[in-house]
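Reader: I have a structure to work through and some questions about it. Could you take them one at a time?

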Amino acid sequence: MALFLFLLLLLVNACHPSHQNQNKMSFNDLAVLADIKDSLTDIPGSNFFSTWDFTSPDPCSTFSGITCSLNRVTILTLGTGLSDTPGLAGFLSPSLSSLTELTQLILYPGIITGPIPPQLGRLSNLRVLSLTNNRLKGPIPSSLSSLPNLHTLDLSYNQLTGSIPAGLFTESEQLKVMILTSNQLSGELPRVVAAEILHLDLKDNQLTGTLPLSLPSTIRYLSASKNMMRGPLNGLQSLSEMEYLDLSTNQFSGPIPPSLMRPTLSSLFLQRNNLSGGVPSPSPSSSIYGEGSIVDLSHNFLTGELSTVLAAVETLFLNNNQLMGMVPEEYVKSVYGGSTKTLYLQHNYITGFPLEAGMALPDAFSLCLTYNCMVPTVGLMGCPASAGRQLSRPQSQCMVFNHGRSMP
């Protein structure tokens, strides 16, 4: 029906040339919009297309989701994005590639299915491509790597499969933000990431292999959690600008690089891996973690006595490792001073927590010390249910771990 109305409009304009000047959109772009309306539909409860009247003399001003410049569509936003509207259904038309002046293509949550058209790789002016929270399937088109001005690529929360095109990491010179969260992507990452990416989010996929040997020094946010990646934590040593790192719930092994133990990396999530060795010691010039900092190294195979490097972290999870010895006094002082508000140390081999005599722990503080080589007098009320009910480890386990022999 939309296409019929568009053809009717062409006929009217042919009969009345003066009316053509009133239509402030190119006929090419108007034809594409007619095709888009034929390929998509409002889910009941949504009314996005109610303003798309192809008899309108000025679609640039009256069509919802449209921004024009010099009679050409430059921004196309499909859907309202409002939480109380269900969005759109249908599929993405390959004719989108004919909107050659498009700089932003944004698709709000709905149930749009089918593939991402490879023809989108022809949109040489495109800076933002955001197609989130739908049911898009198939691979990420390799043609997207050739978009010379692409700054932001967000394909998160779909059903995309296959490997990530290597060109996105090596050829997309302007790409700064890539978000591919919650798809079904597989395969390995390239050995070198040449694109100067600032924000890279790959979590909740099926990626395998190791981290790239070289990552851009520009990166500030990196997440690859909930995948099946393995190997050592390579390529992270020189990332001095990084503020957020989440590699949790993978199969990474080996030691934690000392370069990750720095307060500027204020959000560090390495839990549920196979990491071993000790918590690295602080460098002589290291500063103190600040408000809002969080470090989670739980559920690994970390050993040795606890380093003081993490003493001022606001939320610290070191539980379910093989840490031993007394908790350093720096941690206790940080607790009493209010810098540390959560400290989980349960399920280790810790032998003591040096409380200050006559001083009560802050009310807002959560401490868990159960199932260690000690009988905890504090740190019980703040434990999660997963900590279990056993206050201490069996003494035989503590003797084997700490002294290499079992009790007689």
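Reader: Which residue in β26 does M324 stand opposite?

Author: Keep in mind that this is a predicted model. Strand β24 covers residues 322-326, and β26 covers residues 349-352. The two run parallel, joined by three bridges. Opposite M324 in this pairing stands Y349.

Reader: Which residue in β24 does G304 stand opposite?

Author: Turn to β22, residues 301-305. Three bridges tie β22 to β24, and the two strands run parallel. Across from G304 is L323.

Reader: Which residue in β22 stands opposite S276?

Author: Strand β20 spans residues 274-277. β20 pairs with β22 over two bridges, in the parallel sense. The partner facing S276 is F301.

Reader: In what order do the six strands of the open sheet lie?

Author: We have already met some of the links. β20 pairs with β22, β22 with β24, and β24 with β26. The pairing in the sheet is parallel, and the full order is β16-β18-β20-β22-β24-β26.

Reader: Which strands stand at the edges, and why is one side of each left without a neighbour?

Author: Strands of a sheet pair through backbone hydrogen bonds, either parallel or antiparallel. Each edge strand here has a single partner strand, so one side of it has no neighbour in the sheet. The edge strands are β16 (230-231) and β26.

Reader: What is the volume of the largest cavity, and how many residues of each class line it?

Author: The structure holds one cavity of 30 Å³ or more. Its lining includes L189, V193, P212 and A224. By class, the lining has nine nonpolar, no polar and no charged residues. The volume is about 40 Å³.

Reader: Which element gives the most residues to the largest nonpolar core?

Author: This core has 101 residues, and W52, L76, L236, L260 and L310 touch the most other members. Several elements supply at least two residues each, among them β3 (72-78), β5 (104-107) and α6 (329-337). The top giver, with five residues, is α3.

Reader: How many residues does the other core have?

Author: This core lies apart from the largest one. Its members include F269, I294, Y344 and A387. The number of residues is six.

Reader: Which residues is L236 in contact with, leaving aside neighbours within four places in sequence?

Author: L236 is among the core residues that touch the most other members. Three of its contacts, L211, L215 and L222, also line the largest cavity. The full set is L211, L215, L222, M242, L245, L247, S259 and L260.

Notes: Residues numbered from 1 in each chain as written. Predicted model: local features only at pLDDT ≥ 70, side-chain atom pairs only at ≥ 80, totals over all residues. Heavy atoms only, no water. Pairing = 2+ DSSP bridges. Helix = DSSP H or I, 4+ residues; strand = E, 2+ residues; numbered from the N terminus. 1 Å grid on protein atoms, 1.4 Å probe; cavity = no way out; pocket = protein on both sides within 12 Å on 5 of 7 lines; lining within 4 Å. Points joined across faces, edges and corners; volume = space filled by probe spheres on them. Nonpolar A, V, L, I, M, F, W, Y, C, P; charged D, E, K, R; others polar. Core = buried A, V, L, I, M, F, W, Y, C linked by side-chain atoms within 4.5 Å. Buried < 20%, exposed > 50% of the residue type's maximum accessible area, 1.4 Å probe, protein only. Contact = heavy atoms within 4.5 Å.
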